[in-house]
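This report describes how a ligand is placed within a protein chain. The sequence and structure come first, followed by the surroundings of the ligand and the domains.

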Amino acid sequence: MIGRNAFRFILLFALFIAAALLLRSCILNSENPGKESDIGYKYLIGVSQPNLSEPWRVAMNEEIEQEVGKHGDMRVIFTDAAQSSDQQAQDVKKLMGYGIDLLIISLDDPVALTPTVSSVYKDIPVIVLGRGVAGYDYTLYVGTDDEMIGRKAGEFARETLGASGGKIVEMQGLAGSPTVEERSKGFRDAIQDSKLSIVQTMNGDWQRDLSEDLLVSWLKENHDVDLIFAQNEAMALGAYRALQKLNMNHVNIIGIDGVNSENGSLQLVSKNKLTGTFTSPPGGKEAIQYAIDILNKEKGIPKKIILRSQKITDPSTLNSESSNSPSPAPSPDQTDAPLVVGFAQVGMESGWRIAHTKSVIDAAKEAGVELLYENAEQSQDKQIELIRRFIKQKVDVIAFSPKTETGWDEVLKEAKEAGIPVILSDREVNVSDDTLWTAYIGSDFREEGRRAARWLIQQAEEGESYPIVELQGTQHSAPAVGRKQGFREVIQTDKTFMMLESLQGDFTKKQGKELMAAALERQGSKIKVVYSHNDDMALGAIEAIEDFGLRPGKDIIIISVDATKSALKALSIGKLSFAVECNALLGPQLMKAVKDLSEGKELPMKIITSEGVFTQESAKTALASREY
Ligand code: AHR
């Protein structure tokens, strides 16, 4: 029995707590003017745009608004910085003052705005939309593969001007933006070794009028031009107006964006004002869909969502031609039969691969998906044979981890003809037509290589030089190609680092040990760094270094990629120096993609997983909870 006084005390205490909660909610509501609980919404989203003069940005906001409209518990506030970075930073501050739960920001000037984004990211989730920031201080990036779009535009320029080639003016967006650099790199790579040449590059800052003015004054003096490559559609329209003024209608214009509005490039192509354009989906819809998952604290949020771009030379074919889009979703089954996924694993070469396989099998079970699992034992021929078997079995979806990047065109065409979507789990392919596959789920291998190199540069001591031995993964495989490329991109300009030997491995511990032992025989203690494309080879190299009488992690810096549990153990005892994470737990995302497909949802072209890095210190703490 509770005594009378005790009862009174409990009652008073309860009243006090209730009053305190009420007071807190009043304070919160007065601080956050738009967020009164009585108007019945849960989430407030802030959207910051650098300008709204680009039709592409208007389309982005429209998509956001439409998608938000589907959710009664969500509100959105838009800001427009009218092309001023200072104004955009102020806008973000204001949005934070309104108590937004999540910021969606699209940028023109990443240099000026990265610090603003980083500081917001400390407090709330941030989705960067369309054009990116430097570094990793954001929750999710939604955009396109700009290098790929640039490359496609370059290929189209080659096609348009033919074997005799021609002269090109490149109209770039705002200087310093990664989008500008990537689109330009892709374009230049594609026109290399051809008779096409870029005779002039200008910065139209993504704006129509500036581009028009710049072009008019330049073209007055330079008539010998065959094509203008404009990095967005506002600038493409500027180019068209400039050419009209100067009576130079014969000059081709290639744009990017593909917005379907009055002055959007779809309309411009259909009115023959542009020769062609490449869609750059604004991503507003996807940003809101992921915002909901982020705010609901769903697991497995990716770091990047890359949307598919299409070439448009005839807008009436948009989305309708099967050649323009990947295989459609498996048709919904009227029975209760589970979805069937054929999964052709590449092999069992590494600890990472074992974890990846387990993740796929477990996730299929959990999702109620029937998984036909097969192991290709490192043979591309066998992997092709398995895919053909899945086609015959009429599975709903085929998933596989391609051994190498090339050699898949034929079998993927067969899958597409059979109407079976293909999901690449963990490794990408390099085929002539990217609509032969539906989605890629995995890592950004090039970025992993860059991360390894950036850490190495930070460790370098003044006056020292660092000869490197690289242990490469399976020849022509996406991780080996990407990790090699990314690492070189970062160290190539720094004379402190030199590649002593780059050896062809196969991701196994055995080969890592053999290659390292042979390298030590040839180079001895000249070797200062080992950069291994995966943990297993690094662990093999550690044994070889010890056998040679040197101390791994002390006499030789060892950097590895994967960050499996065994690598974290080696890090924690100082035998490994640094590990870049490659996320093996891709099963749940694969099954989510399969389910999304079966519900008729369109998948993004690439879903890039979120990953980190481990030092000797951080590995000690991470080890206890590491799953693989
Ligand atoms: O494709 C991912 C790579 O394949 C892993 O990094 C490596 O360990 C594996 O075998």
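## Residues around the ligand

The ligand is surrounded by E349, S350, W352, R353, D426, R427, P479, R483, F507, N534 and D562, each with a heavy atom within 4 Å of it. This is a predicted model, in which local features need pLDDT of at least 70, side-chain atom pairs count only at pLDDT 80 or more, and totals for chains, interfaces and linings use all residues. Residues are numbered from 1 along each chain as its sequence is written, and side-chain values use heavy atoms, with hydrogens and water left out.

By class, the shell around the ligand holds 3 nonpolar, 2 polar and 6 charged residues. Here Ala, Val, Leu, Ile, Met, Phe, Trp, Tyr, Cys and Pro count as nonpolar, Asp, Glu, Lys and Arg as charged, and the others, Gly among them, as polar.

## Polar contacts and burial

Polar contacts are pairs of N or O atoms within 3.5 Å. The side chain of D562 places an N or O atom 2.5 Å from an oxygen atom of the ligand. For R427, the distance from a side-chain N or O atom to a ligand oxygen atom is 2.9 Å.

The protein buries 100% of the 280 Å² that the ligand exposes when taken alone (Shrake-Rupley method, 1.4 Å probe).

## Domains

The chain is divided into domain 1 (146-279), domain 2 (340-440 + 585-608) and domain 3 (445-582), with bounds from an automatic or database domain assignment. The ligand lies between domain 2 and domain 3 because both give residues to the shell around it. The centres of domain 1 and domain 3, taken over C-alpha atoms, are 42 Å apart.

Technical notes:
A polar contact is a pair of N or O atoms within 3.5 Å; within protein, one must be able to donate a hydrogen and the other to accept it, and residues adjacent in sequence count only if both atoms are side-chain atoms.
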